[in-house]
Amino acid sequence: MKSLSLYELNNLVRSTLENTMCTFYWVRAEISSLQFNRHCYLELVQKDERGQGIMAKARAQIWANKWYAIKGHFERVTGQVLSAGMEVLIQVEVTFHELYGYSLNISDIDPTFTLGDIARKRMEIIQSLKNEGVYDMNKELPLPRLLQRIAVISSATAAGYGDFCDQLNNNKFGLAFHTQLFPAIMQGNGVEESVIAALNRIAEDLDDWDIVVIIRGGGSVTDLSGFDTLALGENVAQFPLPVITGIGHERDDTVIDMVSHTRVKTPTAAAEFLIHHQAEELGKVEDLALRMFNSTISIIQDEKHRLSILSNKLPTLFEMIKQRENARLDRNFITLQSLIIQKTANEKSLIENKLQRLVSATEALLTSQQHKLEMLQTKMDGADPQRILNLGFSITRIDGKAVQDASTLHAGQAIETTLKSGTIKSTIQ
Amino acid sequence: MKKEELTYEQAMQKLSAIVQKIESGQMDIDSLATNLKEAKELISFCKVKLTKVEAEVKKTLED
């Protein structure tokens, strides 16, 4: 029986392969592991439909002379580091070595395929977030008027955080900001866990913060795959404060960029966003102040105008009232005058009347007295002793008194007898 | 009401209300001065909130 040594067999396999296979093939596979030790050593797998069992497996390597070109191009295009779990489209040469066996020699990788795969996975995550009803939650949060107390999730060492703080603190409006860094890993595998932990620390003192900013310095393109996870997407989307992301990748939005309240390109742009927001708020305050100033001025001017119109009207009004009152006064004076005249006339006529009556009454009285006097005169004329004497009678007096009774007389008394003319003195015997 | 108890949001709402009232001519002259004084306080309160003044005062107090 003819037999082959193992080397001979392997050599036969090798030459058969080398003779029958094409120079290279484009192959789709998933990287299950990847190690770098001057050259890059990979393990490639193909999983079954359900993604469970492994249907095929192969070792592969990228030699150092190709590695840096392939790696650089891949990272520039995808924004991701070649790593386990990634679907890749690779150009391979099939090799077989008598000692090391079957392996694939990778000469090129098409990054656009991986990009498509990343995008597909990202879309799946987005779809899950939408199905859960959380996708828009952070976007729907209203931005508070004051965005002042800023919780920053970033890497302490990254230039991005420093740029962000410089930009904020040197704003030309003199706006105040308070920032605090919540350090987190911003590239590679630790991203999901450490960013979620940082979010949780912020959530412990939610009232101390107005907004969360997740930023990452730009510069070299590094592994952003950590920002494309469902758990991180859920945490950011459902975070009770608005989240601004400035992860710093020009081409694609990561999952957290898509669910965050606002996405900007760079940390500087995130600072600009906050400054702009606050400057606008300052503008509103100043606008209100100006409006109030203007309105007040115009109200006061209006009132002054009203006052001056009124005060201009005053003299005319006063003149009018004065004339009216004067006229009234005149009328009253005339009325009073005529009243006085009338009253005086009345009184006068009354007095004259009384006087008339007094005169006539006096005359009547005088007349009647005169009459009485005349009657008395007549009477008295009748009683005059001379008239009796003239008739031949005489009057005998004693001591000046007329003697009426002769029996009262005594002899020896002197008596005086008065005749019509002359007197006789005699003595009683 | 003490100014310290006001939030920026509340201050802005009060300020807007006063300005609107003045602008619409509903403000009577008697209360104009009072309202103006209050508005002035609200404006400086809001400005201080927005600008460095507050931060600087705080910093001074902490030092």
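**Close-up views of chain B, its contact with chain A, and a sheet in chain A**

**View 1. Chain B, with three helices and zero strands.** In this predicted model, the elements of chain B follow one another as α-α-α when read from the N terminus. Chain B is made up of 63 residues, and of these 21% count as buried.

**View 2. The contact between chain A and chain B.** On one side of this contact stand 18 residues of chain A, and on the other stand 22 residues of chain B. Helix α8 of chain A, which spans residues 267-383, supplies the largest share of the side of chain A that touches chain B, namely 12 residues. By residue class, the side of chain A that touches chain B is composed of nine nonpolar residues, together with five polar and four charged ones.

**View 3. An open sheet of four strands in chain A.** The strands of this sheet are arranged in the order β12-β11-β13-β14, and their pairing is antiparallel. At the edges of the sheet lie β12 (401-402) and β14 (423-427) of chain A, each of which pairs on one side only.

**View 4. The pairing of strands β11 and β12 in chain A.** Strand β11 of chain A, covering residues 395-398, pairs with β12(A) in the antiparallel sense, and the pairing extends over two bridges. Within this view, A:I398 is found opposite A:K401, the latter being a residue of β12(A). Strand β12 of chain A, seen here beside β11(A), is also one of the edge strands of the open sheet in View 3.

Technical notes. Residues numbered from 1 in each chain as written. Chains lettered and ligands numbered in written order. Predicted model: local features only at pLDDT ≥ 70, side-chain atom pairs only at ≥ 80, totals over all residues. Buried ≥ 20, exposed ≤ 12 C-beta atoms within 10 Å, placed from the backbone. Contact = placed C-beta atoms within 7 Å. Nonpolar A, V, L, I, M, F, W, Y, C, P; charged D, E, K, R; others polar. Pairing = 2+ DSSP bridges.
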